[in-house]
Amino acid sequence: MKTVSQLYESRVAAGAIEADPAQRGVLPVLDALLVDLGRPPERSAGWRSWFSRDSASAPQTGSGGVYLWGDVGRGKSMLLDLTMEAAPIEAKRRVHFHAFMQEVQAGLEQARSRGDQDVVRPVAEGIAQQARLLCFDEMQITDIADAMIVGRLFQVLFERGVRIVTTSNRAPADLYKNGLNRDLFLPFIDLIQQRMDVCELASATDYRLDGEAGDQVWFTPPDENADAALDRIWAALTDGAAPEPGKITVGRRELSLAAKSGRIGRASFQDLCGQPLGPADYLALAEALDVLMIDRIPRLGRETFDKAKRFVTLIDTLYEAKVRLIASAEAVPDALYPEGEGSFEFRRTASRLAEMQEAGWGDAQG
């Protein structure tokens, strides 16, 4: 089994990736983590000690994992993939953080229905039984429900010897910034800094913007010409099928689309982000479709923060599932959300939207 460093250098030699000093700088940390996976797990002093902010009772420092952060497009996800490939165990999982937390919340609800007093521990222990290595892409805490349980969850996972590798475009200290009741979240930041190797990927290059543009899939402005262009693409993709409404099942309810033909769907921005939808809806959408067409994405700002937050989650989900996106919008991705709360996070979304416009993106599923 090759190390992360060996896999990285083999891809450089093959011309698949470009060597980057910042990326090479974190390879030894990832290699050491995988070596550590072969050692017996160590249990911490227990979760009650973690809830105390007294440093004397804080958990012991140790390599519970790696927190890899940096600006958009610096190769964090690529390094995560190499870590998964190099990990010398079968009990490993790579999952987008949004999807993982959705699963956790469902597990908590089941534990509550059973009358469990401690609802987090059985969920965490169930996860630990399935995976010794968890790789999370794009850790971002925006939901108070997630913020209130993620620290307890990670603590139990660390106790059970699970190693965690996660990427984020925020430093740990900036997670859940300005969030409701953030003071209750601060112990989780302490936990990350105590139990994980925090590595900044400070590359000067955004590799997501290096590809060549392919056939046009982003149309501005969202006028009659854009509508006509999307109509032509719909006809080409569906062999001329009439744009009839469709539905996608989400648990016990249904998500409506303006048009659906096979695994091709079409909806307006208002339909997808102007309604109280969440990660479960977008995951179901991504699982059901290979191509999604979105009409009339507006320019976003302070007054549309809720819609912008849903849009970010939607794009993250489509990106992870390799769903091809075709859209009309009021601006190019970089100019869609120029200022206001959430504009920092949107830089990653704009980068992903740019990448999703490249020729052939999404053709290779998985």
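Select Leu27 in helix H2 of this predicted model. H2 has a kink of about 25° at Leu27, and the proline Pro28 follows shortly after the kink.

Now widen the selection to residues 21-36, the whole of H2. The C-alpha atoms at the two ends are 24 Å apart. With 16 residues at 1.5 Å a residue, the helix should span 22 Å, so the two values agree.

Step back to Asp20, at the start of H2. One of the side-chain oxygens of Asp20 comes to within 2.8 Å of the backbone nitrogen of Ala22.

Next, colour the buried residues of H2: Ala22, Gln23, Val26, Leu27, Leu30, Asp31, Leu33, Leu34 and Asp36. Leu27, the site of the kink, is among them. To see what these buried residues pack against, show helices H1 (4-13) and H4 (76-86). Then add strands S1 (65-69), S3 (133-137), S4 (163-168) and S5 (196-200), which the buried residues of H2 also pack against.

Select Cys135 and Cys199 next. Cys135 is buried, because its relative accessible area is 0%, under the 20% cut-off. Cys199, at 10% relative accessibility, also counts as buried. There are zero disulfides to display in the structure.

Finish at the open sheet of five strands, ordered S6-S12-S11-S10-S9 with mixed pairing. Strands S6 (218-219) and S9 (259-261) form the edges, each pairing on one side only. Select S6 together with S12 (residues 324-329): the two strands run parallel and are joined by two bridges. From Phe219, go across to Ser328, its bridge partner in S12.

Technical notes:
Residues numbered from 1 in each chain as written. Predicted model: local features only at pLDDT ≥ 70, side-chain atom pairs only at ≥ 80, totals over all residues. Heavy atoms only, no water. Disulfide = S-S within 2.5 Å. Buried < 20%, exposed > 50% of the residue type's maximum accessible area, 1.4 Å probe, protein only. Helix = DSSP H or I, 4+ residues; strand = E, 2+ residues; numbered from the N terminus. Expected span 1.5 Å × (residues − 1). Bend = angle between axes of the 7 residues up to and from the residue. Contact = heavy atoms within 4.5 Å. Polar contact = N/O pair within 3.5 Å; in protein donor to acceptor, adjacent residues only side chain to side chain. Pairing = 2+ DSSP bridges.
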